[in-house]
Amino acid sequence: MGLWTLYMKEVRRFFKVQTQTIWAPAVTTLLYLMIFTLALGGGGRIVLGVPFATFVAPGLIAMGMINNSFANSSFGLLVGKIQGTIIDYLMPPISNAELILALVAAAVTRAILVGLAVAGAMMFWPGVDLTVHHPWAVIWFGLMGSILLGLIGVLTSLWAEKFDHNAAITNFVITPMSMLSGTFYVISNLSPTFQTISRFNPIFYVISGFRFGFLGQSDIGTTNEAVLHGAIGLGVLNFVLWVAIYYAFQSGWKLKN
């Protein structure tokens, strides 16, 4: 009951301002599609065997999902700390595991809603084909990416002491990782050094795996076996992050000390 109550509280919090939390990000993502399609997709440009608009669309959907997952989970605890209402999260008789799960689940819910809104609009966009070739990859990488950024958001919310700290992580960590994740290009166009750097970016695997689900090919492979390594790696990374955040809550880091 406590887990469900906190989850619904977080969902209702962002749903009350759905114009800002769901529809505005969807419009922003569509603007990215329009701008980059006009700028880079002219002349019938083909990438990975498909028109540029079809190539970039899955990456934009995934990017919109993960960015909004981070935005949601990085907000709740931070506001509570600044406004002095953090006790509302710490006092109820729910475990730390339930608290983390509720915060991340709400972030994933927002990510899914944004993803559905963006995908629904893109289906009517000229030149975009969102035929799904591997449903498991769309579901897995969509969820793992949203959970990853949701967990990072919770960790950021724990660490931050003011909104400037949250904005710094967003502007100097999350946004560069998202924009340089292969959303708008294939990493084979990069120099070997930057290809290596890209492969250390977990969001690269989220974008590429999600794209594989739609196109049947991506930067990380063209078969289920090739993409499976990235899928397992994201799952392991999420587990490690969850454990780290759990022990941070247990110790009261930045909350009780």
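This is a short guided tour of a predicted model, with stops at one helix and two pockets.

Begin by selecting α1, residues 2-15, a helix of 14 residues that reaches 20 Å from its first C-alpha to its last, which is close to the 20 Å expected at 1.5 Å a residue. Within α1, colour L6, Y7, M8, E10, V11 and F14, which are buried. If you then show α2 (18-40) and α3 (52-73), together with α5 (87-90) and α6, you will have on screen the helices against which the buried residues of α1 pack.

Next, keep α1, α2 and α3 in view and add α8 (163-179), since each of these four supplies at least two residues of the lining of the largest pocket. To find the centre of this pocket, select P25, N67, N68, A71 and R110, which lie nearest to that centre among the 26 lining residues. The space inside the largest pocket is about 690 Å³, and its lining divides into eleven nonpolar, 13 polar and two charged residues.

Finally, move to the second largest pocket, whose volume is about 220 Å³, by selecting its lining residues: I61, M65, I112, G115, L116, A119, V138, I139, G142, L143, F210 and F214. The elements that give two or more residues to this lining are α3, α6 (96-122), α7 (135-159) and α10 (202-215). Which classes of residue would you expect to meet in the lining of the second largest pocket? Ten of the residues there are nonpolar and two are polar, while no charged residues are present.

Notes
Residues numbered from 1 in each chain as written. Predicted model: local features only at pLDDT ≥ 70, side-chain atom pairs only at ≥ 80, totals over all residues. Heavy atoms only, no water. 1 Å grid on protein atoms, 1.4 Å probe; cavity = no way out; pocket = protein on both sides within 12 Å on 5 of 7 lines; lining within 4 Å. Points joined across faces, edges and corners; volume = space filled by probe spheres on them. Nonpolar A, V, L, I, M, F, W, Y, C, P; charged D, E, K, R; others polar. Expected span 1.5 Å × (residues − 1). Buried < 20%, exposed > 50% of the residue type's maximum accessible area, 1.4 Å probe, protein only. Contact = heavy atoms within 4.5 Å.
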